[in-house]
Each structure stands twice: as structure tokens, then as C-alpha cells.
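Keep the model open while you read. The walk below goes from one side chain outwards to the whole chain.

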Amino acid sequence: MEAENMNTEQQEICRIGPDARIEGTVDSARAVRLEGTVVGKVCGGGQVTLCEGGVVEGEVKCGEFVCEGTVKGNVVAKKSVLKAGAVIEGFLETVCLEVAAGAVIEKGLKLKTNVEIKGQKDYGERNSEQ
């Protein structure tokens, strides 16, 4: 049963591979794993993971942001995990923050009691219809 659940979860990840370059908006109700480059906005209803070598040239808005790559823009997330090597060249606005040695936030940090993820579709409504 546990292996079955893992396969279902793995299938529900939107993956952008290391050789991919997307120009525009990436908007997903499911988890997003970015290994390549996105030039534009990234919105995620679940977790957005920016892997080592991954780049976002734009804004990131999501429920949970895990970063080992580079964001050339601002990040708004309810929970943020910055691993060693993470670089955010803009502002980070978050409720919960976990930072490893070697992570960089260049312009500033706002720790808040709540953040609204504006501009993102209503994922709760969409998920209840499935």
C-alpha cells in the first residue's frame, strides 16, 4: 500500500527537467520540481522545489518553497526552506523560514504571521472537483 501511495505522489509532480527553458507562467495545483529555467512567474498550490542548477527569472508564489537554485525575483511563500547554495536575488516574504549555511537572500526578508498568495488560482476548489 505504501509503495502504491508513493507512485501516485510521484505522478502528481510537475517536473521541469534540467535542459528545459520555459518562457511564461508555470501554474500548477500540484507539486512543482524545477531543474531547468523558467523566465516568468511560478505559482504552485503545493510545494515548489527549485533544484541545484535551476533558475527562475521572475516571481515565485506558493504554499511551500524549497530552494537550492537561483531566483532572480521575489518569493512569497507560507513556508520557505533555503538550502546551501540557494540564492534569492529579490525579497523573500514568508511565515516560516528554515535557512542552511550558505543560502543568500540579497534584497530583504519579511517574516509575517500570514501571507496571501495572490494571483494564484483557487486550488482548493479545483482539487475538490477532481
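The side chain of T94 reaches the backbone oxygen of A77 at 2.9 Å. This is a predicted model. A polar atom of the T94 side chain also lies 3.3 Å from the backbone oxygen of K78. Is T94 buried or exposed? T94 counts as buried because its relative accessibility is 0%, and buried means under 20%.

Now look at what surrounds this residue. T94 is found in strand β12. Leaving aside neighbours within four places in sequence, T94 is in contact with A77, K78, K79 and S80. Its contacts also include L109, K110, L111, K112 and V115.

Strand pairing comes next. A77 stands opposite T94 in β12. β10 and β12 (residues 91-99) run parallel, and seven bridges join them. Which strand does β12 pair with through four bridges? That strand is β14 (residues 108-111), and it too runs parallel to β12. Within this pairing, E93 has K110 in β14 as its bridge partner.

Turn to the nonpolar core. The largest one has 20 residues. Those with the most contacts inside it are L34, V42, V48, V60, F65 and V75. Which strands each supply at least two residues of this core? They are β4 (31-34), β6 (42-50), β8 (60-67) and β10 (75-82). β8 gives the most, with four residues. In soluble globular proteins, nonpolar side chains tend to be buried together.

Take V48 as a way into the core. Neighbours within four places in sequence are again set aside. V48 is then in contact with V32, L34 and V42. The list goes on with V60, C62, E64, F65 and V66.

Strand β6 also holds G45. Why does G45 count as partly exposed? Its relative accessible area is 32%, so G45 falls between the 20% limit for buried and the 50% limit for exposed. The C-alpha atom of G45 is separated by 4.3 Å from that of A29. Along the chain, these two residues are 16 apart.

Finally, step back to the whole chain. The protein chain has two helices and 14 strands. Of its 130 residues, 37% count as buried. The chain exposes about 7300 Å². Carbon and sulfur atoms supply 45% of that area. How far along the sequence do contacts reach? Among contacts between residues at least 6 apart in sequence, 10% join residues at least 24 apart.

Key:
Residues are numbered from 1 along each chain as its sequence is written. This is a predicted model: local features need pLDDT of at least 70, side-chain atom pairs count only at pLDDT 80 or more; totals for chains, interfaces and linings use all residues. Side-chain values use heavy atoms; hydrogens and water are left out. A nonpolar core is a set of buried Ala, Val, Leu, Ile, Met, Phe, Trp, Tyr and Cys residues joined through side-chain atoms within 4.5 Å. Buried means under 20% relative accessible area, exposed over 50%, partly exposed in between (1.4 Å probe, protein chains only). Contact means heavy atoms within 4.5 Å. Two strands pair if DSSP finds at least two bridges between them. Accessible areas come from the Shrake-Rupley method with a 1.4 Å probe; for residues, only the protein chains shown count as cover. A polar contact is a pair of N or O atoms within 3.5 Å; within protein, one must be able to donate a hydrogen and the other to accept it, and residues adjacent in sequence count only if both atoms are side-chain atoms.
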